[in-house]
Amino acid sequence: MKTFQFEQLRTFAAVVDAGTLEAAARSLHVTPSAVSQRLKAMEDAAGQVLLQRTNPASPTPAGEAVLRYARQVRQLEWDARQELGGSGAGQSQPIPLVVNADSLSTWFMPALAGLPPGLGACFELHREDEQHSTQLLRTGLVMAAVTATPEAVQGCRVEPLGALRYRAVASPGYIGRWWPDGPELVAGSRVPVVDFDRKDNLQDRFFRTVTGAGLAAPRHYVPSSAEFAQAIRLGLGWGLLPEQQCLADVRRGDLVELAPEQPVDVSLYWQRWKIDSPVLNELTAAVRKTASGQLRQP
């Protein structure tokens, strides 16, 4: 890593956060020319382009390493101010995290709510599929992630959290319309299915496990956890829901399990920067404690 001045690192992170040099200049209370000069000095020192001047601006692969470094320095500075109680102490610091939608809607928010009130941290939550969330760690856009990837991203430490268990369900009306003789998942089935988005392969994986064949069926895409569950309850299609979202409905008869003996467990991991940050340490402890009570443990 090249040696950069603190103001240069602060400026680089501000441009990525704000999206443009002009917006970053306003947030830093400097001129756009000053921002441009700092970025040029950094790229001259690094000997390569660090920032793509697109709209919004984004780091190059080399710039991703600089962005991680800039955010880590900013976090460590904030931690020091809180401990010393000097200028800037008590001010909130946004902690960017990436979490999959089902964790957000079931168990993750109580972990944040369980943090000490005096910690002084705010959280910027990014929603991303658990199979893809580590990319945001690699780019330096987030400090920690709930992910399905057990291999640690460079500069991060990883620990298992447990498994989120899913059940394949459909509404009684859907069952009566498409399977009047009872649920029957078979190869070649063309009954409608609900996917979260085009990255969601959970229904495909379940179907292949049950039938040994690929899933080729009409699909609804509903990219919101609550509305995804509602689409299934309203009979638009069948799909997999976390147990926390569907077991009560199954017991009441409002949903029907398609394969009660074949739940799907998705193992989740917590990845965070290796820096010794009190707020990240507190957050990790809270996530670990909440996951131990909400997720399936080995």
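Q72 sits in helix α4, which runs over residues 61–84; helices here are DSSP runs of H or I with at least four residues, strands are E runs with at least two, and both are numbered from the N terminus. With a relative accessible area of 17%, Q72 is buried, where buried means under 20% relative accessible area, exposed over 50%, and partly exposed in between (1.4 Å probe, protein chains only). Leaving aside residues up to four places away in sequence, Q72 touches W273 and I275, a contact being heavy atoms within 4.5 Å. This is a predicted model, in which local features need pLDDT of at least 70 and side-chain atom pairs count only at pLDDT 80 or more, while totals for chains, interfaces and linings use all residues. Residues are numbered from 1 along each chain as its sequence is written, and side-chain values use heavy atoms, with hydrogens and water left out.

Now for the chain as a whole. It has 11 helices and 11 strands, and its C-alpha atoms fill a box of roughly 70 × 40 × 30 Å along the principal axes. Of the 298 residues, 49% are buried. Taking contacts with a separation of 6 or more, 73% are between residues 24 or more positions apart. The accessible surface comes to about 14200 Å², and carbon and sulfur atoms own 51% of that (Shrake-Rupley method, 1.4 Å probe; for residues, only the protein chains shown count as cover). As for charge, there are 30 positive and 31 negative side chains, and the centres of the two sets lie 3 Å apart.

V146, in strand β5 (residues 144–147), counts as buried because its relative accessibility is 0%. Beyond residues up to four places away in sequence, V146 has a long list of partners, among them V98, W107, F108, E130, L161 and W270. L202 follows V146 by 56 residues along the chain, and their C-alpha atoms are separated by 17 Å.

The second largest pocket holds about 270 Å³ of space. A pocket is worked out on a 1 Å grid over the protein atoms alone, as an open set of points where a 1.4 Å probe fits, with protein on both sides within 12 Å along at least five of seven lines; lining residues have an atom within 4 Å of a point. Its lining has 18 residues, and D102, D129, E130, F196 and D200 are the closest to the centre. Two elements, α5 (101–113) and α8 (202–211), each give two or more residues to that lining, and the largest share, three residues, comes from α8.

D200 belongs to the loop between β7 (193–195) and α8. It is buried, at 14% relative accessible area, and it touches D195 and F228, not counting residues up to four places away in sequence. From D200 to Y221 the C-alpha distance is 9.2 Å, with their positions 21 residues apart in sequence.

Two backbone details round things off. Most residues other than glycine have a negative phi, and most peptide bonds are trans. N55 and P56 are joined by a cis peptide bond, with omega at about 5°, and P56 is found in the loop between β1 (51–52) and β2 (58–59). H29 is not a glycine, yet has a positive phi of about 60°. The loop between α2 (21–28) and α3 (32–46) is where H29 is found, and H29 counts as exposed because its relative accessibility is 74%.

Definitions and conventions
Lys, Arg positive; Asp, Glu negative; His and termini not counted. Charge placed at Lys NZ, Arg CZ, Asp CG, Glu CD. Points joined across faces, edges and corners; volume = space filled by probe spheres on them.
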